[in-house]
Amino acid sequence: MTAVSDAPAPVPDPVRSARLAADLDAADLRSDPLRQLWGTEADDALGRGMREPILRAIADDDGVLATLGRLFVLGLPQPEAAVASALPTLGVDGLVALGLARVEGDTVAPCALLRPQSFVDADGVGEWWIASDLDEVALDGPLPADHVLGVGGASRTLAETVVPVQVERALDLGTGCGIQALLVARRAGTVVATDISRRALAYAELNAQLNGVTNIDFRHGSMFDPVAGEAFDLIVSNPPFVITPRTEGVPAYEYRDGGLVGDALVETFVRAAPAHLTRGGIAQMLGNWESRQGVTGLARLEAWVPADLDLWVIEREELTPLAYAELWIRDGGTTPRDAAFVPLLTAWLDDFAARGVTAVGFGYVLLRRGDGEPLRRVERLGQSVSNVGAALAAGLAAHDVLAAGLPSTLLVAPDVTEARHLMPGDDDPSVIELRQGGGFARTVGVDSALAGFVGACDGELTVAQIVGALADLFDVPLADLWADLEPKIRSLVRDGFLTPGE
């Protein structure tokens with residue numbers, strides 16, 4: 001087992017947090033000023049784990065922003081006098097009282113990182129200060145087991161997928177540093193944020209205080225235990241879903257390992273979440289799922305969800321057991337050059353072999369307690385996507401519209417283009433494709449009749465009028481053409497190529 005952190009946990013305090021926020025604001029500790037201070041190339045290098053370019057860029061700078069950048073962004077000790085000058089409202093004693101630093105002689109050593117984090121959602125563009133534990137670069141070694149992660153790739157992915165809806169009550173299950181709770185709080189009356197890690201809850205509460213967010217209720221406990229008997233309009237979760245062998249000698253990191261065998265944590269969430277959803281309520285999570293002995297992970301996941309619930313699963317990637325093991329062993333700071341690598345790899349592969357695992361999928365899960373015919377979409381999308389939350393919302397809305405039948409008029413979505421491919425010398429295209437410029441960036445092959453239908457969807461003619469005109473143009477019976485086109489049109493509406501007219 002990897003050792004726990006020897007750094008103190010944060011001690012949230014609304015008064016001291018407000019003073020720190022005032023000092024950070026006065027110093028302009030934000031993303032753009034920092035990039036201007038040390039340069040875009042050096043800033044990008046930090047994202048790859050290299051801080052030396054930043055240090056070289058600000059080597060002779062003793063200003064307030066450079067001091068706080070070294071202390072909070074890079075996690076490096078700074079002279080006490082310089083820190084005191086940079087934090088005149090809070091002071092060094094206040095910083096220590098918050099659990100964010102300790103004094104060692106005439107220097108202030110950081111106990112945490114505190115970085116600006118930009119975000120974009122349906123309500124606009126903003127930026128928060130997010131505190132988290134020192135990372136591998138600052139520690140110059142592997143992470144402790146109780147490490148509280150800052151805003152990582154998975155956090156950003158979930159943030160992009162959350163459906164932008166206004167709700168009364170929301171739940172962030174497994175809040176970590178609190179980034180999802182902060183985002184959801186912008187569109188919710190109240191947010192309950194839970195975590196099994198008290199250290200994570202302390203960071204999450206501190207981050208809410210730093211950013212002036214007051215509508216989050218922080219609770220300690222595992223999974224849904226802290227909200228027993230309660231229901232929510234929106235549940236979001238970036239749980240510790242990484243599949244880790246439950247074997248002695250294999251590190252278990254609280255921020256990524258849920259302590260269960262295989263993909264049982266994802267199964268537990270998917271089975272338990274429906275009981276905590278209001279009518280129309282939505283639950284969204286990221287997760288891993290295992291394909292075992294000929295049964296795909298997607299099929300296993302779908303079987304966990306009651307048939308009367310809406311389910312939309314998008315698998316973004318699938319890894320072999322070997323690739324998955326290597327990914328997460330490296331994530332823990334162990335490389336093939338280290339003596340511990342082979343034993344860890346063996347433990348992972350043995351664990352997968354014991355369950356007959358042939359692949360591990362990763363993606364998004366959306367559940368909804370809807371009305372009418374349930375939505376069941378289980379699909380793989382490998383292409384890059386944008387504004388996923390809005391695309392999911394549009395897909396749910398399209399499902400609800402189609403439940404009442406096809407709209408009388410349809411419009412081509414503004415991001416849709418058509419591509420025609422012709423063989424040299426031919427007048428007629430051999431392939432016609434419709435392409436989405438946003439959302440899930442789908443590409444759909446269509447025939448001439450369907451392409452003609454879509455081309456005429458300008459909201460002026462009804463669906464019936466367009467199909468009637470096409471039947472005359474192609475000289476085919478109307479009933480036969482409608483039988484062919486109707487399911488294809490419904491599919492285009494469902495996928496967002498066509499939208500209801502006025």
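# A tour from the cavities to the sheets

Start with the largest cavity: by class, its lining has six nonpolar, two polar and one charged residues (nonpolar means Ala, Val, Leu, Ile, Met, Phe, Trp, Tyr, Cys and Pro; charged means Asp, Glu, Lys and Arg; the others, Gly among them, are polar). Before you click further: this is a predicted model, with local features needing pLDDT of at least 70 and side-chain atom pairs counting only at pLDDT 80 or more, while totals for chains, interfaces and linings use all residues. Residues are numbered from 1 along each chain as its sequence is written, and side-chain values use heavy atoms, with hydrogens and water left out.

**Stop 1: the cavities.** Select P251, Y253, R256, W328, I329, G332, T334, L344 and W348, and you have the lining of the largest cavity on screen (a cavity is a set of points on a 1 Å grid over the protein atoms alone where a 1.4 Å probe fits but cannot get out; lining residues have an atom within 4 Å of a point). Two elements each give two or more residues to this lining, α14 (321-331) and α15 (341-354) (helices are DSSP runs of H or I, at least four residues, and strands are runs of E, at least two, numbered from the N terminus). The space inside is about 50 Å³ (the volume filled by probe spheres set on grid points, which are joined across faces, edges and corners).

How many cavities of 30 Å³ or more are there? The count comes to two. For the second largest, pick P240, F241, V242, G258, G259, L260, G262, D263 and L265. That lining splits into five nonpolar, three polar and one charged, around about 40 Å³ of space.

**Stop 2: R355.** Keep G262 displayed and add R355, which sits in the loop between α15 and β12. Buried or exposed? R355 has 14% relative accessibility, so it counts as buried (under 20% is buried, over 50% exposed, in between partly exposed, with a 1.4 Å probe and protein chains only). Beyond its neighbours within four places in sequence, R355 is in contact with I243, V261, G262, E290, R292 and Q293 (contact means heavy atoms within 4.5 Å).

**Stop 3: the eight-stranded sheet.** Now switch to cartoon. An open, mixed sheet runs β8-β7-β6-β9-β10-β12-β11-β13 (two strands pair if DSSP finds at least two bridges between them). β8 (216-220) and β13 stand at the edges with a single partner strand each, so one side of each has no neighbour in the sheet. Neighbouring strands are turned by 20° against each other on average, direction ignored.

Zoom in on β11 (310-319). Nine bridges join it to the antiparallel β12 (357-368), where V365 stands opposite V313. β11 also pairs with β13, in the parallel sense over five bridges, with E315 opposite R380. Along β13 (376-380), R377 and E379 point to one face and are buried, whereas R376, V378 and R380 point to the other and are not.

**Stop 4: α16 and α19.** Show 388-403 and 478-494: the axes of these two helices come within 8 Å and cross at roughly 145° (axes are lines fitted to C-alpha atoms over the stretch in contact, and angles run from 0 to 180 degrees between N-to-C directions). G395, A398 and L402 of α16 meet R490, V493 and R494 of α19. That makes three nonpolar, one polar and two charged residues at this contact.

**Last stop: the three-stranded sheet.** Here the order is β1-β3-β2, open and antiparallel. β1 (78-79) and β2 (101-104) are the edge strands, each pairing on one side only. Two bridges hold β1 and β3 (107-110) in antiparallel register; select P79 to find its bridge partner, T107.

Note on methods: 1 Å grid on protein atoms, 1.4 Å probe; cavity = no way out; pocket = protein on both sides within 12 Å on 5 of 7 lines; lining within 4 Å.
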